[in-house]
Amino acid sequence: MIRYRRRLGRASFVAALALALGTGAMASPALAAAAGTPEGPGMLKALQNDAALPSVTPPGYDVTVVVFSDYQCPYCRKLHGALKEVLRQDRKVRVVYRDWPIFGTASVEAARSAMAARYQGKHAAFNDALMATSGRLDSPAIQSAAQRAGLDMRRLKADLATHKAEIDGALARTAHYAEALGIAGTPAMVVGSYLLPGAATAEMLGKAIAIARKPA
């Protein structure tokens with residue numbers, strides 16, 4: 001169940017996490033509220049485990065970070081670098097990428113293409129290339145990123161068609177969870193069972209992961 005730690009009340013947890021991170025970013029009360037929905041008891045498991053989503057899953061991981069992001073979001077691009085640093089430093093962190101394309105049709109195209117890239121084992125490279133793209137995205141920019149990532153463009157197009165239902169279903173589920181959790185925009189992360197909205201530095205994210213690892 002997605003919830004605040006039992007040892008802390010909602011207000012106490014929000015204050016404790018904000019203090020621990022040294023930032024104004026706070027855990028949203030919507031995370032606790034979501035536990036009261038009909039799907040609440042199984043929401044965290046479903047949020048973290050979706051076969052249609054790309055992820056980085058090291059052996060023996062002990063914390064899962066679910067990332068809600070949009071490829072046109074400048075703060076998501078900053079967070080991407082922080083996530084990569086955390087993954088380099090901490091081999092026990094699993095990251096699940098939930099594309100939430102809220103900035104228009106180019107965002108949807110980028111998200112669908114990135115998800116399709118995993119069928120040829122190129123999601124990580126394409127994700128990096130898209131996040132390294134500056135400014136607004138359009139179809140040529142997305143195709144350029146795909147080429148830099150070494151994707152077979154013909155296969156990408158085929159995979160987008162073949163796996164359309166899986167990709168669109170995953171995007172719909174992500175939008176549903178974002179609404180259920182009260183997420184207002186990108187980026188946002190669920191670190192363990194805690195919702196952390198907004199961008200974070202590698203140091204802040206590392207502290208949040210350490211908090212998530214503490215026994216309830």
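# A guided tour, starting at the pocket

Start by selecting Val56, Leu87, Tyr97, Ala124 and Asn127: out of the 13 residues that line the largest pocket, these lie nearest its centre. Keep in mind as you look around that this is a predicted model. The pocket has a volume of about 210 Å³. Which elements should you colour to see its walls? Try β1 (55-56), α4 (74-89) and α6 (123-131), since each of them supplies at least two residues of the lining. If you colour the lining by residue class, you'll get 5 nonpolar, 4 polar and 4 charged residues.

**Zoom out**

Now show the whole protein chain as a cartoon. How many helices and strands are there? The chain comes to 10 helices and 5 strands. It has 216 residues, and 51% of them count as buried. Take the contacts between residues at least 6 apart in sequence: 77% of these join residues at least 24 apart.

**The cavity**

Next stop: a closed space. The structure holds 1 cavity of 30 Å³ or more, and about 80 Å³ of space lies in it. To find it, select Val67, Ser69, Tyr71, Cys76, Leu79, His80, Leu83, Tyr97, Arg98, Asp99, Asn127 and Met131, which line it. β2, α4, β3 (93-99) and α6 each give two or more residues to this lining. Which of them gives the largest share? That's α4, with 4 residues. By class, the cavity lining has 7 nonpolar, 3 polar and 2 charged residues.

Tyr97 and Asn127 may look familiar: you selected both at the pocket, and both line the cavity too.

**Two cysteines**

While Cys76 is on screen, add Cys73. Are they buried or exposed? Cys73 is buried, at 2% relative accessible area, and Cys76 also counts as buried, with 2% relative accessibility. Don't go looking for a disulfide, though: the count comes to 0.

**Helix α6**

Hide the rest for a moment and show α6. Its buried residues are His123, Phe126, Asn127, Ala129, Leu130 and Met131. An α-helix has 3.6 residues a turn, so residues three or four places apart point the same way. Bring the neighbours back, and you'll see the buried residues of α6 packing against β2, α4, β3, α5 and α7.

Select Phe126 first. Leaving out residues up to four places away in sequence, Phe126 touches Ser113, Ala114, Ala117, Ile142, Ala145, Ala146, Ala149 and Leu151.

Then click on Leu130, in the same helix, α6. Why does Leu130 count as buried? Because its relative accessible area is 0%, and anything under 20% counts as buried. Beyond its neighbours within four places in sequence, Leu130 is in contact with Tyr71, Arg77, Ala110, Ala114, Leu137, Ile142 and Ala145. Try the distance tool on one of those: Leu130 and Ala145 are 15 residues apart in sequence, and their C-alpha atoms are 5.7 Å apart in space.

**The nonpolar cores**

Phe126 and Leu130 also lead you to the largest nonpolar core, which has 42 residues. Select Phe68, Phe126, Leu130, Leu137, Leu181, Ile183 and Val190, the members that touch the most other members. Plenty of elements take part: α3 (40-48), β2 (63-69), α5 (105-117), α6, α7 (139-148), α8 (153-162), α9 (164-180) and β4 (188-191) each supply at least two residues. Which one gives the most? It's α5, with 7 residues.

Apart from this core lies another one, of 21 residues, and Val65, Ala200, Met204 and Leu205 are among them.

**A cis peptide bond**

Go to the loop between α9 and β4, where you'll find Pro187. Most residues other than glycine have a negative phi, and most peptide bonds are trans. Look at the bond joining Thr186 and Pro187, though: it is cis, with an omega of about -5°.

**Last stop: the outside**

Finish with Lys45, which sits in helix α3. Is Lys45 buried or exposed? Lys45 counts as exposed, because its relative accessibility is 65% and exposed means over 50%. For a final distance check, pick Lys45 and Ser193: they are 148 residues apart in sequence, and 9.7 Å apart in space from C-alpha to C-alpha.

Technical notes. Residues are numbered from 1 along each chain as its sequence is written. This is a predicted model: local features need pLDDT of at least 70, side-chain atom pairs count only at pLDDT 80 or more; totals for chains, interfaces and linings use all residues. Side-chain values use heavy atoms; hydrogens and water are left out. A disulfide is a pair of cysteine sulfur atoms within 2.5 Å. Buried means under 20% relative accessible area, exposed over 50%, partly exposed in between (1.4 Å probe, protein chains only). On a 1 Å grid over the protein atoms alone, a cavity is a set of points where a 1.4 Å probe fits but cannot get out, and a pocket is an open set with protein on both sides within 12 Å along at least five of seven lines; lining residues have an atom within 4 Å of a point. Grid points are joined across faces, edges and corners, and a volume is the space filled by probe spheres set on the points. Ala, Val, Leu, Ile, Met, Phe, Trp, Tyr, Cys and Pro count as nonpolar, Asp, Glu, Lys and Arg as charged, and the others, Gly among them, as polar. A nonpolar core is a set of buried Ala, Val, Leu, Ile, Met, Phe, Trp, Tyr and Cys residues joined through side-chain atoms within 4.5 Å. Contact means heavy atoms within 4.5 Å.
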